[in-house]
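Thanks, everyone. I'll walk through one chain, contact by contact. Please have the viewer open.

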Amino acid sequence: MKILLVDDDVSIIQSLLPALKSVRGYQTRAAISGDKAIENAEAWDGVDLLVTDIFMSPMNGFTLRNKLRNHYPGMRTLFITGYDVSSYSEYIEDCEVLVKPFDVHKLLRTIAEMNVRPSSMPSSRGVAGTSSISIPKSVSIPKTGVAAGAKPLLPKPKAVTASVQLKQPEPESPPPSPSPAVQETAPEPAPAQAIPEPEPEPEPEPAVRTIGAYQIIRELGTSSWGTIYQALQVSMNREVVMEILSDELAKDPDVKQQFIANASAKANVQHPFVLAVYEAGDAGGECFYTYEYIEGENLASLIAGGNSIDEQAAQRILKGVAEALAYRSRWDRPSA
C-alpha cells in the first residue's frame with residue numbers, strides 16, 4: 001500500500017515516518033508541502049492513502065486531497081489536525097480524522113481499520129543501506145492546534161509551541177454555500193462556544209538536527225566511511241541521502257581528503273542507473289556528501305520479508321545492474 005504523509009511540521013514527519021516504514025506491505029513517502037506531495041504522487045504513479053494535515057500553507061489539506069483525487073479517484077484520505085473541524089464536515093466527506101496529539105499506535109490502528117485496498121505491488125527500487133525499523137512503544141505527536149470546540153481562526157495559545165504557523169484553509173472546489181440568512185463574514189463565536197477543554201502539558205518537540213543547508217530526517221544505515229541519513233535540502237525542498245564521515249576517521253586529514261575526493265569523483269558519473277551526487281563539503285565540524293534519494297525497498301528487505309519477484313522483474317534488475325557496472329568499468333579504465 002502506497003502511503004503519502006504530508007505535514008509542514010518536520011518534527012511530526014520525523015515522529016510518524018519510521019513507524020509507517022516499519023510495517024510490512026506499507027510503502028511511505030513524506031512531503032512538507034502540497035506541491036512536493038503532488039510531485040511524489042506523480043513519480044510514484046498513484047497513491048492509495050493520503051495522510052495529511054489540514055491547516056498548511058500555501059496549499060491546505062482539502063485542496064491537496066481534491067487535486068490528488070482528480071487523478072487517483074480510488075485514493076483514501078486520513079486528515080490529521082490540531083483543530084476542531086466539525087464546521088468543515090462538508091469537506092471531510094468519507095475521510096477519517098485524527099486530532100493531535102496522538103501516538104503512532106493509534107495512527108496504525110486507524111489505517112488498519114480503514115481497510116485501504118492497495119492499487120499496486122511494492123516497488124523493488126530502494127536506497128542501499130535501508131534497514132527495518134521497529135515500532136516505538138510510545139511516540140507522541142506534538143500538538144500544534146487548540147482543543148475541541150475552538151475555531152481554527154482563533155490565535156494559537158501561548159502554551160503551545162510549534163515551528164510552523166497554522167492558518168485557516170481556503171478550500172477550492174466545492175466552495176461553501178452560505179445561507180441567505182447568514183452574514184457574508186461570520187461573527188466571532190460567543191465565548192461560551194469557544195471555551196477550550198483542559199489541555200495536558202505539551203511534550204517537548206524533538207530537536208531538529210541541522211548540518212549546513214540540510215535537516216536530518218532519519219538514519220538509514222552505516223558504511224565503511226560513517227553513517228548514512230535521509231535528509232532534506234531546505235533551499236531546494238529536496239530529499240537527499242547524506243553520508244557523514246565518522247568523527248574517528250575525520251581526525252585523519254588524509255582520510256578526510258580521500259572521502260571528499262571519492263565524492264567528487266562520483267559526481268562526475270552520469271548514468272540513469274547510478275545515483276547522482278549533489279554536493280560534498282564540511283559544515284559545523286561534519287564532513288559529508290549528499291546524493292540522490294530514491295524511495296522504496298531493496299532486494300535484501302524484500303527477501304527478509306518473505307517476498308519474491310517475477311522473472312521479468314528479475315531480468316530488468318539484472319539488465320540495469322549490468323549496464324551500470326559496464327559503464328563504471330569504462331569510467332574507471334585509465335586513459336591511454
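Which backbone oxygen lies 3.4 Å from a polar atom of the side chain of Tyr 72? It belongs to Ala 41. Keep in mind that this is a predicted model.

Let's stay with Tyr 72. Tyr 72 sits in the loop between α3 and β4. Buried or exposed? Tyr 72 is buried, because its relative accessible area is 17% and the cut-off for buried is under 20%. Set aside the neighbours within four places in sequence. Then Tyr 72 contacts Ala 41, Glu 42, Asp 45, Gly 46 and Val 47. Take Gly 46 from that list. Tyr 72 and Gly 46 are 26 residues apart in sequence, and their C-alpha atoms are 6.3 Å apart in space.

Now the overall numbers. The chain has 336 residues, and 42% of them count as buried. There are nine helices and 11 strands. About 18500 Å² is exposed, with carbon and sulfur atoms supplying 53% of that area. Next, contacts between residues at least 6 apart in sequence. Of these, 66% join residues at least 24 apart.

Next, helix α3, residues 61-71. Which of its residues are buried? Gly 61, Phe 62, Thr 63, Leu 64, Arg 65, Asn 66 and Leu 68. What do they pack against? Three strands, β1 (2-6), β3 (49-53) and β4 (76-81), plus the helices α2 (34-44) and α4 (89-92). Look at the start of α3 too. There, a side-chain oxygen of Asn 60 comes to within 3.0 Å of the backbone nitrogen of Phe 62. Phe 62 also belongs to an aromatic cluster, together with Phe 55, Phe 79, Tyr 83, Tyr 88 and Tyr 91.

α3 has a charged link as well. Arg 69 and Asp 94 meet through their side chains in a salt bridge, 3.0 Å from N to O. Arg 69 is in α3 and Asp 94 is in the loop between α4 and β5 (96-99), so the bridge ties together parts 25 residues apart in sequence. Asp 94 is partly exposed, at 48% relative accessibility.

On to aromatic pairs. How many does the structure hold? There are 10. One of them is Tyr 214 with Phe 288, an edge-to-face pair at 5.8 Å centre to centre and 70° between the planes. This pair links distant parts of the chain: Tyr 214 is in strand β7 (residues 214-222), Phe 288 is in strand β11 (residues 286-292), and 74 residues separate them. Both partners are buried. Tyr 214 is at 1% relative accessibility, and Phe 288 is at 3%. A further pair is Tyr 289 with Tyr 291. Their ring centres are 5.6 Å apart and their planes meet at 35°, so this pair is tilted. Tyr 289 is buried at 2%, and Tyr 291 is buried at 10%.

Back to charges. A search of the whole structure gives eight salt bridges. Which residue pairs with Lys 21? Glu 295 does, with the closest N and O atoms 2.1 Å apart. Lys 21 is in helix α1 (residues 10-21), Glu 295 is in the loop between β11 and α8, and the two are 274 residues apart. Glu 295 counts as buried, at 11% relative accessibility.

Both of those residues touch Thr 28. Thr 28 lies in strand β2 (residues 27-31) and is buried at 1% relative accessibility. Its other contacts beyond four places in sequence are Ile 3, Leu 5, Leu 17, Leu 20 and Trp 44.

Another bridge joins Arg 209 and Glu 286, with 2.9 Å between the closest N and O atoms. Arg 209 is in the loop between α5 (104-114) and β6 (210-211) and Glu 286 is in strand β11, so parts 77 residues apart in sequence are tied together. Arg 209 is partly exposed at 34%, whereas Glu 286 is buried at 17%. Shared partners also give a network of salt bridges, joining Asp 7, Asp 53 and Lys 100.

Last stop, the surface. Leu 299, Ile 303 and Ile 309 form a nonpolar patch there, with about 280 Å² of accessible area together. Leu 299 lies in helix α8 (residues 299-304) and is partly exposed, at 40% relative accessible area.

That's the tour. Over to you.

How values were computed:
Residues are numbered from 1 along each chain as its sequence is written. This is a predicted model: local features need pLDDT of at least 70, side-chain atom pairs count only at pLDDT 80 or more; totals for chains, interfaces and linings use all residues. Side-chain values use heavy atoms; hydrogens and water are left out. Buried means under 20% relative accessible area, exposed over 50%, partly exposed in between (1.4 Å probe, protein chains only). Helices (H or I, at least four residues) and strands (E, at least two) are DSSP runs, numbered from the N terminus. Contact means heavy atoms within 4.5 Å. A polar contact is a pair of N or O atoms within 3.5 Å; within protein, one must be able to donate a hydrogen and the other to accept it, and residues adjacent in sequence count only if both atoms are side-chain atoms. Patches are made of residues with over 30% relative accessible area and no salt bridge: like charges are joined within 9 Å, nonpolar side chains (Val, Leu, Ile, Met, Phe, Trp, Tyr) within 5 Å. Accessible areas come from the Shrake-Rupley method with a 1.4 Å probe; for residues, only the protein chains shown count as cover. A salt bridge is a side-chain nitrogen of Lys or Arg within 4 Å of a carboxyl oxygen of Asp or Glu. Rings of Phe, Tyr and Trp (its six-membered ring) pair if their centres lie within 6.5 Å; planes under 30 degrees apart count as stacked, over 60 as edge-to-face and the rest as tilted.
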